[in-house]
Amino acid sequence: MGTSNSSKSNNFIKSIAVFCGSSDSNDEFIYSQAYELGRSLANKDIDLVFGGSKLGLMGQVAKGALEYEGIVFGVIPEFLKTKEIVHRNLTELITTKDMHERKLKMHEMSDGFIMLPGGFGTLEEFFEIVTWAQLGLHKKPIGILNTEGYYNDLLMMFNAMVTKGLLKKENLDLIIVSDAVEVLLDKMHKYQSTHEANWLTKEDQT
């Protein structure tokens with residue numbers, strides 16, 4: 001991982017994996033906030049771990065970090081490693097055999113996770129890492145950068161799950177949400193997990 005710089009923040013989070021779209025958003029603010037997150041990570045001496053593409057929001061996060069002398073690791077499966085999409089100017093590009101190994105590697109390399117706006121692939125990565133936390137496989141902070149309310153409907157669905165008794169409130173509380181980069185990073189820095197996986201029902205416990 002990156003070496004410490006005494007002029008930068010000495011955050012206990014030394015690396016963050018970012019899940020986001022490989023497509024360009026037609027919303028300029030969403031596009032700019034991806035760059036801003038990369039810039040902010042670099043300024044805080046936090047390594048960026050991401051999907052390795054030069055395209056879309058992925059490319060903007062990497063660009064923001066690299067232009068501010070951040071350390072950036074790309075993790076990409078072999079079948080996506082083409083000249084058209086792979087970012088060639090990273091600190092290190094790691095190739096995996098498939099998508100599952102990619103997620104395992106990103107988890108291994110990261111102290112926390114952030115989901116930016118994206119599509120099906122972004123959601124798939126996010127939900128797997130949240131499920132691992134719910135199962136007690138890790139206690140790392142998981143954030144959603146809810147730029148311009150992009151994930152408002154999804155957050156409403158989460159609350160509906162709790163209301164209907166299909167999601168425990170303590171599992172929903174594993175997710176940290178903010179619409180501002182600096183606020184989200186601060187919340188993640190302060191996060192302390194007390195979650196313990198418990199799959200017993202009330203009837204099972206009597």
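The protein has 8 helices and 7 strands, where helices (H or I, at least four residues) and strands (E, at least two) are DSSP runs numbered from the N terminus. This is a predicted model, in which local features need pLDDT of at least 70, side-chain atom pairs count only at pLDDT 80 or more, and totals for chains, interfaces and linings use all residues. Residues are numbered from 1 along each chain as its sequence is written, and side-chain values use heavy atoms, with hydrogens and water left out.

**Exercise 1.** Describe how helix α1 packs with helix α7.

Solution.
- Step 1. Two packed helices are described by the angle between their axes and the distance between the axes.
- Step 2. For α1 (residues 28-43) and α7 (residues 181-190), the angle is about 45° and the axes are 10 Å apart. Axes are lines fitted to C-alpha atoms, for helices over the stretch in contact, and angles run from 0 to 180 degrees between N-to-C directions.
- Step 3. That angle makes α1 oblique to α7. Angles under 35 degrees count as roughly parallel, over 145 as roughly antiparallel, 65 to 115 as roughly perpendicular and the rest as oblique.
- Step 4. The contact (heavy atoms within 4.5 Å) involves Gln 33, Glu 36, Leu 37, Arg 39, Ser 40 and Leu 41 of α1, and Val 181, Glu 182 and Leu 185 of α7.

**Exercise 2.** Find the place of His 138, then list its side-chain polar contacts with the backbone of Ile 129 and Lys 140.

Solution.
- Step 1. His 138 lies in the loop between α4 (120-134) and β6 (142-145).
- Step 2. His 138 counts as buried because its relative accessibility is 6%. Buried means under 20% relative accessible area, exposed over 50%, and partly exposed in between (1.4 Å probe, protein chains only).
- Step 3. The His 138 side chain reaches the backbone oxygen of Ile 129 at 2.9 Å and the backbone nitrogen of Lys 140 at 3.0 Å. A polar contact is a pair of N or O atoms within 3.5 Å; within protein, one must be able to donate a hydrogen and the other to accept it, and residues adjacent in sequence count only if both atoms are side-chain atoms.
- Step 4. Leaving out residues up to four places away in sequence, His 138 touches His 107, Phe 113, Ile 129, Trp 132 and Ala 133.

**Exercise 3.** Locate Asp 45 and Glu 148, and give the phi of each residue.

Solution.
- Step 1. Asp 45 sits in the loop between α1 and β2 (47-50); its phi is near 60°, a positive value in a residue other than glycine.
- Step 2. Asp 45 counts as buried, at 11% relative accessibility.
- Step 3. Glu 148 is in the loop between β6 and α5 (152-163), and its phi, near 55°, is also positive in a residue other than glycine.
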